[in-house]
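Please look through the sequence and the 3D structure below before reading on. The report that follows takes up a few chosen places in turn.

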Amino acid sequence: MQSMATETFIGNMRGPVIRRMDADYDAVRSLYNGMIDKSPMMIARCADVADVVAAVNFARDSDLQVAIRGGGHNGPGLSSVEDGLMIDMSMMKGVRVDPGARTVRVGPGCSQGDVDHATHIYGLAVPAGIVSTTGIAGLTLGGGTGYLTRKYGLTIDNLLEADVVLADGRIVTANKSENADLYWGLRGGGGNFGIVTSFLFQAHPVKMVYAGPIFWDLENARTVMQKYRDFLPSAPEELGAFVGLKTVPPMDPFPPDHQGKRACAIIACYNGSTEGGKAVMAGLLGELPPPLFNWMGEMPYPALQSMFDPFFPKGLQWYWRGDFVKELTDEAIDAHIEQARKAPSALSLMHLYPIDGAVHRVDKSDTAWNTRDATWSMVIAGIDPNPQKAGAITRWTKDYWEAVHPYSADGGYVNFMMEDGDDSRLRATYGDNYDRLAALKAKYDPTNFFHMNQNIRPLHS
């Protein structure tokens, strides 16, 4: 009977269903994070919403665990499942822009780059992340921070509507007036409540920007981080800028004399004229020592978004940890620099992304994303192409996080969580919203069918 059900399911799918005996199985199942290897029983490569519904119904009726893949960029490997069914929507990539309403309808398989490509010709952009290969679905459901956040808010603050396939196979729409409780939960609650098959975003005027990276030697990091910390709150919200502790990549196009140096970097984007951007940045750079190099210049917004793609191809070893940070003290800066000196690879890094401006103008109870009083979202990422370095980058990331966590808030950005233990971290992250999320989970997914995620268990379990 199970074999018959499987063959019926496969026959009813418009997209292919990949099984272990198929030649392309290993290529399709591979994950963005090369440190993680999972072998699903089947991969349903959905062509449309009907395929998604069919896959959900088949998995539920067959008692199979499911994992949901959108753009396939998930760091902890939650888009796959051992011996279960991967519902893969990476082929569902449609993007439709309404330039009059400044809205964008986006399919769940789209990357951030897909969205940028479609919106840029209209002089528009959706606030999102900083790497164009990032999947828009996972980024959005976790919150979404990037260069435009200070001015226009998180990605979820620009989510107007979502179509969702629930665990029982129903298709519902969630917005301010229809299934408003689900709409609330989707905005930061991750993939806990269903599979989003369509996103409707508000877009904003963005065309050419004054942007790029500036690198200083690590010896100047304390001064750079202090001045950045003090400068940003009064800077115009058109400026999005994050600070990081990194290594100058030992490759072109970076200056040969500086490749491999430990460094502190500010990567900035001013959504406005080049003259305006230079004037704003002068207020910061005038108080800092000369950098190793300053590559800020005028460029199309999608060029900035894709600038770092070549350094982070699919298949690298990744291990990361994150925290929200409310205050960056001198003591915390010193702890950061001490740990950064020990980085085990050229790609390993720490970034502090600003959480201020428009984010603070949304009430903590208005969306599931609760940490509206943070000042930065921190990520520490151990990264290397060599699988033999997996242990070293994992140890460094954990040690770094333990050293700076005392200076951080209790919770962290769910998109930066990896092996964070029990649900105490999620409870701290969602704060007063956690019980409401757990009740919402009980309403829309009472059996916890969607649990391959940063999981919020139903209130009754």
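A residue is called buried when its relative accessible area is under 20%. The model shown here is predicted, and the values below should be read with that in mind.

**Two cysteines**

By this cut-off Cys269 is buried, because its relative accessibility is 0%. Cys264 is likewise buried, since its relative accessible area is 0%. Are these cysteines joined in a disulfide, or are they unpaired? The closest cysteine sulfur to that of Cys264 belongs to Cys269, but it lies 19 Å away, which is too far for a bond, given that a disulfide needs sulfur atoms within 2.5 Å. Cys269, for its part, is in no disulfide, and a search of the whole structure finds zero disulfides.

**Asp116 and its surroundings**

Asp116 sits in helix α4, which covers residues 112-120, and it counts as buried because its relative accessibility is 3%. When neighbours within four places in sequence are set aside, Asp116 is in contact with Tyr301, Pro302 and Gln305. Ala332, which is 216 residues from Asp116 in sequence, is 35 Å from Asp116 in space, taken from C-alpha to C-alpha.

| Residue | Relative accessibility |
|---|---|
| Asp116 | 3% |
| Cys264 | 0% |
| Cys269 | 0% |

**An annotated region**

An unreviewed UniProt entry places the feature "domain: FAD-binding PCMH-type" at residues 36-206. Over residues 36-206 the chain is 23% helix and 25% strand, while the C-alpha atoms at the two ends are 37 Å apart.

Note on methods. Residues numbered from 1 in each chain as written. Predicted model: local features only at pLDDT ≥ 70, side-chain atom pairs only at ≥ 80, totals over all residues. Heavy atoms only, no water. Helix = DSSP H or I, 4+ residues; strand = E, 2+ residues; numbered from the N terminus. Buried < 20%, exposed > 50% of the residue type's maximum accessible area, 1.4 Å probe, protein only. Contact = heavy atoms within 4.5 Å. UniProt positions renumbered as here; feature names shortened; annotations may be inferred.
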